[in-house]
There are 2 protein chains.
Amino acid sequence: MQTAKPGQPGSPPILSRAKELVYPSLREAVDELHPGIRHMVEYHLGWIDAEGRPDSRGGKSVRPAFAVLSAEAAGAPAQTAVPAAVAIELVHNFSLLHDDIMDQDRERRHRTTVWARYGVAAGIISGDALVVLALDQLLRRPEPAALAAARRVWADTRDMIGGQVDDLGFEERVAVTWEECVAMEAQKTGALLACSACVGAILAEAPAPVVEGLAGFGMHVGLAFQAVDDMLGIWGRPEVTGKPTSSDLRRSKKSLPISAALEVEGPGRDELAGLLGDFHTREPAESELERAVELIESSGSRERTARYAADHLRAALEMLDSLPIVPEAHAELAGLARFLGERDY
Amino acid sequence: MQTAKPGQPGSPPILSRAKELVYPSLREAVDELHPGIRHMVEYHLGWIDAEGRPDSRGGKSVRPAFAVLSAEAAGAPAQTAVPAAVAIELVHNFSLLHDDIMDQDRERRHRTTVWARYGVAAGIISGDALVVLALDQLLRRPEPAALAAARRVWADTRDMIGGQVDDLGFEERVAVTWEECVAMEAQKTGALLACSACVGAILAEAPAPVVEGLAGFGMHVGLAFQAVDDMLGIWGRPEVTGKPTSSDLRRSKKSLPISAALEVEGPGRDELAGLLGDFHTREPAESELERAVELIESSGSRERTARYAADHLRAALEMLDSLPIVPEAHAELAGLARFLGERDY
């Protein structure tokens, strides 16, 4: 998921603006963590390297950016969104820390993952501490809108976890339908992006139709974003993704292109299902991975997934057009959506 | 931690009363879980066995019992405490699911633990789902007291996690002082018991001094309870504890009797420290475990820990005596505290 970094050419300015706005508070929150795990979290966030030296390899701040823009869309100052932006960024990183263990991913953003470096116990407890810290950002605040935001963040965190349960369950299954995969991704990725795209408006006390419209926009963006990510999981170059080639195939993940290929009847499907079954039990050979990719491509699934991503991006932009929001924020939301839905791979 | 079971002779009646009162709501909450993990949680809770058949091996419902009594202590009906009792029981079980992985415990309550049976990923995601479900019990409620209760539960969950960070860190260290161990246990065990003992009163909108007094009582009970548990971790009989003999020694846990023994200077301490260091890197021989127990006993640490437990039990009862609470609830709180602080091992 690494294309243009914030502040680099091609990256929407809101990404670096959100980072500048939200990071001081995120830093303060992380500083509250127990010293026994703080350095692991800082390492995970890309703020320090494995030797404890300052680093700057953090994520793209996509979720804080949506949160900030959603406050501005509702006519509130950017600052209004900060507690929710911090909360969501912490929830997101809680899920990354735990997912890396569950998926046995040893590398993320070109670095060794926390559990692979510090052990499974460290990865579990760091994630636990982050999810508690996350909600605390909103729970501790006195204003009623913060409670509404807390409820929204919590409901979407719950959906996100449900999506991860499905995702894990799908690895055990031979075939998963496209529809099942869409439903899983709506929960696993869509929910927290929908949350990001409306929670600033909740804190700004925007009317319900605006809040729900922004959430719908965020859901479409999330689905497009995840579809592109699924393509990166098969065709992404390791130097771009920070992960091994065909990482999703190696783990028998049932992503969109894979589920689509498994829906096209014929000998190709049987061969692909056989290979994926094998990959679930042993390390695949490079030639087998190449064969699996070939089978997916010849099924037309790459095009189907790309079309689906484009459709959701279009739906997101149309939904945005229907909302009575501040034009500058509208333009930035649209730009960010396009940036995420049209990523290069 | 198994002595008299609820409903058995010697068990305070509040344990079965709390179970009857709280379990229907706990069941409803668990029913909301994703079907992909619900059966694992039900297995963990002792409601079904590994084959999915109904079972009844649940825990003692200590925390729900305190929560219910704390509402009654403040003059409210027992039912007032239920949402908080469910929340705390879920937080407690979230911590058990994750701690079992972190501590690599393969057995709990005489059964295989969830991660040992269903895998590490299953244990992690089940715990994650429970902690989200837990707070949701209070967040979703409209009354202002529920928000106050949610904040309290969350603050204590945070402390509990801090205690677990310390506990894990202590395993890596040769020696831990008695004071450090006390501070760790106050967080790891005391916080959630303090929470249980006051959260019903919070929902009953009791005055702050009553809430804080009950929390203080719960903290003392928690410290006494954990000290007894620490003794069980060395001297407990497996048929009583459901764990292997000297389970804490096997894992180089720095519990109170162990930290106390490491504070008594002399050749015994050096030998014990050497053994514990070895146990951290390899499976101990039975003869080595026996020798470690002998060294701890000859240091006088067993008596020191027993005295400490008795002191905290007494402090708990004194604190209770100072509070303007309903006499019947007072008597039941005192009885439950005694039951926990004077467990047989």
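Which residues have the most contacts inside the largest nonpolar core, and how many residues does that core have? Let us work through this and some further exercises together, keeping in mind that the model is predicted.

**Exercise 1. Describe the largest nonpolar core and look around one of its residues.**

Step 1. Start with the count: the largest nonpolar core has 194 residues.

Step 2. Now pick out the residues with the most contacts inside this core, which are Phe66(A), Leu214(A), Phe66(B) and Leu214(B).

Step 3. Choose Phe66(A) and list what it touches, not counting residues up to four places away in sequence. The partners include Leu193(A), Ser196(A), Ala197(A), Phe217(A) and Val221(A). Phe66(A) also touches Leu333(A), Leu336(A), Ala337(A) and Leu340(A).

**Exercise 2. Describe the interface of chain B and chain A.**

Step 1. Count the residues: chain B gives 35 residues to the contact, and chain A gives 35 residues.

Step 2. Find the size. The size of an interface is often given as the accessible area lost when the parts come together. Here the area buried between chain B and chain A is about 2900 Å², and carbon and sulfur atoms give 74% of it.

Step 3. Look for charged pairs. The rule finds four salt bridges across this interface of chain B and chain A. Arg158(A) and Asp136(B) form a salt bridge in which the closest N and O atoms are 2.5 Å apart.

Step 4. Turn to polar contacts: between chain B and chain A, 14 residue pairs are counted, with both residues at pLDDT 80 or more.

Step 5. Ask which elements take part. On the side of chain B that touches chain A, those giving two or more residues are α2 (35–44), α4 (82–102), α6 (120–139) and α7 (144–171) of chain B.

Step 6. Sort that side of chain B by class: 21 residues are nonpolar, six are polar and eight are charged.

**Exercise 3. Follow the salt bridges of Arg17(A).**

Step 1. Begin with the total, which comes to 63 salt bridges over all chains.

Step 2. Take one pair: the side chains of Arg17(A) and Glu72(A) meet in a salt bridge, at 2.9 Å from N to O. Arg17(A) lies in helix α1 (residues 13–31) of chain A and Glu72(A) in helix α3 (residues 62–73) of chain A, so this salt bridge ties together parts that are 55 residues apart in sequence.

Step 3. Are these two residues buried or exposed, or in between? Arg17(A) has 31% relative accessibility and therefore counts as partly exposed. Glu72(A) counts as buried because its relative accessibility is 18%, and the cut-off for buried is under 20%.

Step 4. Find another partner: Arg17(A) also forms a salt bridge with Glu332(A), where the closest N and O atoms are 2.8 Å apart. This pair links distant parts of the chain, with Arg17(A) in helix α1 and Glu332(A) in helix α16 (residues 327–341) of chain A, 315 residues apart. Glu332(A) is partly exposed, at a relative accessible area of 25%.

**Exercise 4. Examine a salt bridge between buried residues, then a network.**

Step 1. Arg108(A) and Asp100(A) form a salt bridge, their closest N and O atoms being 2.8 Å apart.

Step 2. Check each partner. Arg108(A) is buried, with a relative accessible area of 18%, and Asp100(A) counts as buried at 3% relative accessibility.

Step 3. Move on to chain B, where salt bridges that share partners join several residues into one network, among them Asp99(B), Asp103(B), Glu171(B), Lys188(B) and Arg251(B).

**Exercise 5. Place three residues of chain B and name their contacts, leaving aside neighbours within four places in sequence.**

Step 1. Ser252(B) lies in the loop between α11 (247–250) and α12 (256–261) of chain B. With a relative accessible area of 0%, Ser252(B) is buried. Its contacts are Glu171(B), Leu276(B), Phe279(B) and His280(B).

Step 2. Glu72(B) is in helix α3 (residues 62–73) of chain B. At 18% relative accessibility, Glu72(B) is counted as buried. Glu72(B) is in contact with Arg17(B), Ala78(B), Val326(B), Ala329(B) and Glu332(B).

Step 3. Leu21(B) is found in helix α1 (residues 13–31) of chain B. Leu21(B) is partly exposed, with a relative accessible area of 24%. The contacts of Leu21(B) are Val68(B), Ala78(B), Gln79(B) and Val82(B).

Methods
Residues are numbered from 1 along each chain as its sequence is written. Chains are lettered from A and ligands numbered from 1 in the order in which they are written. This is a predicted model: local features need pLDDT of at least 70, side-chain atom pairs count only at pLDDT 80 or more; totals for chains, interfaces and linings use all residues. Side-chain values use heavy atoms; hydrogens and water are left out. Contact means heavy atoms within 4.5 Å. Buried area is the accessible area (1.4 Å probe) that two parts lose on being put together, summed over both. A polar contact is a pair of N or O atoms within 3.5 Å; within protein, one must be able to donate a hydrogen and the other to accept it, and residues adjacent in sequence count only if both atoms are side-chain atoms. Ala, Val, Leu, Ile, Met, Phe, Trp, Tyr, Cys and Pro count as nonpolar, Asp, Glu, Lys and Arg as charged, and the others, Gly among them, as polar. A nonpolar core is a set of buried Ala, Val, Leu, Ile, Met, Phe, Trp, Tyr and Cys residues joined through side-chain atoms within 4.5 Å. Buried means under 20% relative accessible area, exposed over 50%, partly exposed in between (1.4 Å probe, protein chains only).
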